[in-house]
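Please open the structure in your viewer and keep the sequence beside it, so that each stop on this tour can be selected in turn. At every stop you will be told what to select and what is to be found there.

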Amino acid sequence: MPFLCAALDRVKPSPTVAVTTLVAALKAEGRDIIGLGAGEPDFDTPENIKDAAKRAMDAGKTKYTALDGIAELKDAIARKFQRENGLTYARNQISVGSGGKHVLFNALMATLNPGDEVIIPAPYWVSYPDMVRLTGATPVIIEGAMENGFRITPAQLEAAITPNTKWFLFNSPSNPTGAAYTVAQIKGLTDVLMAQPHVHVMTDDMYEHLLYDGFEFATPAQVEPRLYDRTLTVNGVSKAYAMTGWRIGYAGGPEWLIKAMAKLQSQSTTNPCSISQWAAVEALDGPQDFLPERATHFRRRRDFVVAALDDCPGVTCPTPEGAFYVYPSIAGCIGKTSAGGAAIADDEAFVRALLEEQGVAVVFGVAFGLSPNFRISYATSDDNLAAACDRIRVFCEGLR
Ligand SMILES: Cc1ncc(COP(=O)(O)O)c(C=O)c1O
């Protein structure tokens, strides 16, 4: 009898974490590697947030807290939802966990049984399908075509719904493509869901504050208020406030679901870090003016990377609306051989050869469910980006 549980056979380790680990290992060996795999801002956490954490420690806020978030943080989250999304959530409709990933995981674990289905648009964040598989439920993937800005259509959503569908998992702006949906595009999807009362919406709004060129953020329960009772609106402080290491994510949703998630949390992690919770209060209630400033930096980098990659032979790089990723197609490179002699049969081979021959680490498209592409995170310095894009161009020019 195997000692490890069967559920583990249904999932693979996160490929993005694997790339970050590989880059660290190669650098430790002395190799000159530029890592564009990590999905985290290169900016530091703002000083006012760090100060709030220091004050919390000094005030002895170092003990267990209320299970799924201190009242002060839940109130700050309620204010954020009201202010930025026009959504009203009471304390008992808010869950705080150890990162957005944890909150998504709790919600899926608390609701899914074997046989249930979760609709996930591809390209998707790597963790969604595997989290669903861990529960024994089935991910149902629908592809957002590159020609449609990587967005799915209402007809695709409608065709994917079955009596077993429990969740539609929505993510805009998206990791890995940076694609975002307009209000009208979201309305097209929510109209489909209005006719399907058994389907619930889990929306992952993690990149809400990273949108460019005046693109306006919208979230499903705001666009279609009649979906409020069956929507879980997930967000967090990791990306917007450069707080990936603090591990605070949160969600607003129906009380019955929040309660179920708390039950699960009570038998697993208990409360998220007390000090991080106080820091998150400051993040959400404190000054917000640095958000557009940082978005301006990211937009400049996006424009640079899109232009540089689009210039590489065999590469087509669409311009994303948000997040800090681009997801170029390498259809024009498939079937060729690299200068170092590697056969480029798919995006995994491309990424491996690029790392070996040019020392640039990116993540292959297969991991995100749409190929042949790769993902670059441009949340790194201008110098790194310029050097990486040069190396990618040299690599592509060497393909025969
Ligand atoms: C789309 C998306 N959702 C959720 C998360 C998880 O964020 P957190 O660090 O809060 O767990 C990430 C992080 O990469 C993400 O890209």
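Select Asp130 and Lys12 together, and show their side chains: in this predicted model, the two side chains make a polar contact at 3.1 Å. Asp130 belongs to helix α5, which covers residues 127-135, and its surroundings are worth displaying too, since, leaving aside residues up to four places away in sequence, Asp130 touches Arg10, Val11 and Lys12. Is Asp130 buried or exposed? With a relative accessible area of 9%, Asp130 is buried, because a residue counts as buried when that value is under 20%.

Next, move to another aspartate, Asp116, which you will find in the loop between α4 (100-111) and β3 (117-122). Asp116 has a relative accessibility of 12% and therefore counts as buried. If you show its side chain, you can find a polar atom there that lies 2.7 Å from the backbone nitrogen of Asn113. Then display the residues that Asp116 touches, again not counting those up to four places away in sequence: Thr111, Ala137, Thr138, Asn164 and Lys166.

The ligand is the next thing to select. Which residues are closest to the ligand? Of the 13 residues that surround the ligand, the closest are Gly100, Asn175, Asp204, Tyr207 and Lys239. Three distances can be checked in the viewer, beginning with Asp204, which has a polar side-chain atom 2.5 Å from a nitrogen atom of the ligand. Lys239 also uses its side chain, placing a polar atom 2.6 Å from an oxygen atom of the ligand, whereas at Lys101 you should look at the backbone, where a polar atom is 3.0 Å from a ligand oxygen atom. The ligand would expose 390 Å² if taken alone, and the protein buries 92% of that area.

Now select residues 47-58, which form helix α2. This helix has twelve residues and reaches 16 Å from its first C-alpha to its last, close to the 16 Å expected at 1.5 Å a residue. Colour Ile49, Ala52, Ala53 and Ala56, which are buried, and then turn the view until you look down the axis of the helix. These residues cover an arc of only 100° around the axis, which puts them on the same side of α2. A general rule helps here: an α-helix has 3.6 residues a turn, so residues three or four places apart point the same way. What covers the buried residues of α2 includes α10 (274-285), while Arg55 and Asp58 are exposed on the other side of α2. After the helix comes Gly60, whose phi is positive, near 75°.

Helix α11, residues 290-310, can be viewed in the same manner: it has 21 residues and reaches 30 Å from its first C-alpha to its last, close to the 30 Å expected at 1.5 Å a residue. Its buried residues include Phe290, Leu291, Phe298, Val305 and Leu309, and arginines are also among them, namely Arg294, Arg301 and Arg302. Where do the buried residues of α11 fall when seen down the axis? They fall within an arc of 160°, so they line one face of the helix. Among the elements that cover them are β9 (325-326), β12 (374-377) and α13 (382-397), which you can show next to the helix.

The last stops concern the backbone, and a general point should be kept in mind: most residues other than glycine have a negative phi, and most peptide bonds are trans. Select Ala122 and Pro123, which are joined by a cis peptide bond with omega at about 0°; Pro123 lies in the loop between β3 and α5. Another cis peptide bond runs from Ser172 to Pro173, with omega near -10°, and Pro173 is found in the loop between β5 (165-171) and α7 (183-194).

Finally, select Phe150, in the loop between β4 (138-143) and α6 (154-160), where phi is near 65°, a positive value in a residue other than glycine. Phe150 is buried, with a relative accessible area of 9%. Asp213, in the loop between β6 (200-204) and α8 (220-223), also has a positive phi, near 55°, but Asp213 is exposed, with a relative accessible area of 60%.

Definitions and conventions:
Residues are numbered from 1 along each chain as its sequence is written. This is a predicted model: local features need pLDDT of at least 70, side-chain atom pairs count only at pLDDT 80 or more; totals for chains, interfaces and linings use all residues. Side-chain values use heavy atoms; hydrogens and water are left out. Helices (H or I, at least four residues) and strands (E, at least two) are DSSP runs, numbered from the N terminus. The expected span of a helix is 1.5 Å times one less than its number of residues. Buried means under 20% relative accessible area, exposed over 50%, partly exposed in between (1.4 Å probe, protein chains only). The arc is that of the directions from the helix axis to the C-beta atoms. Contact means heavy atoms within 4.5 Å. A residue is near a molecule or strand if one of its heavy atoms lies within 4 Å of it. A polar contact is a pair of N or O atoms within 3.5 Å; within protein, one must be able to donate a hydrogen and the other to accept it, and residues adjacent in sequence count only if both atoms are side-chain atoms. Accessible areas come from the Shrake-Rupley method with a 1.4 Å probe; for residues, only the protein chains shown count as cover.
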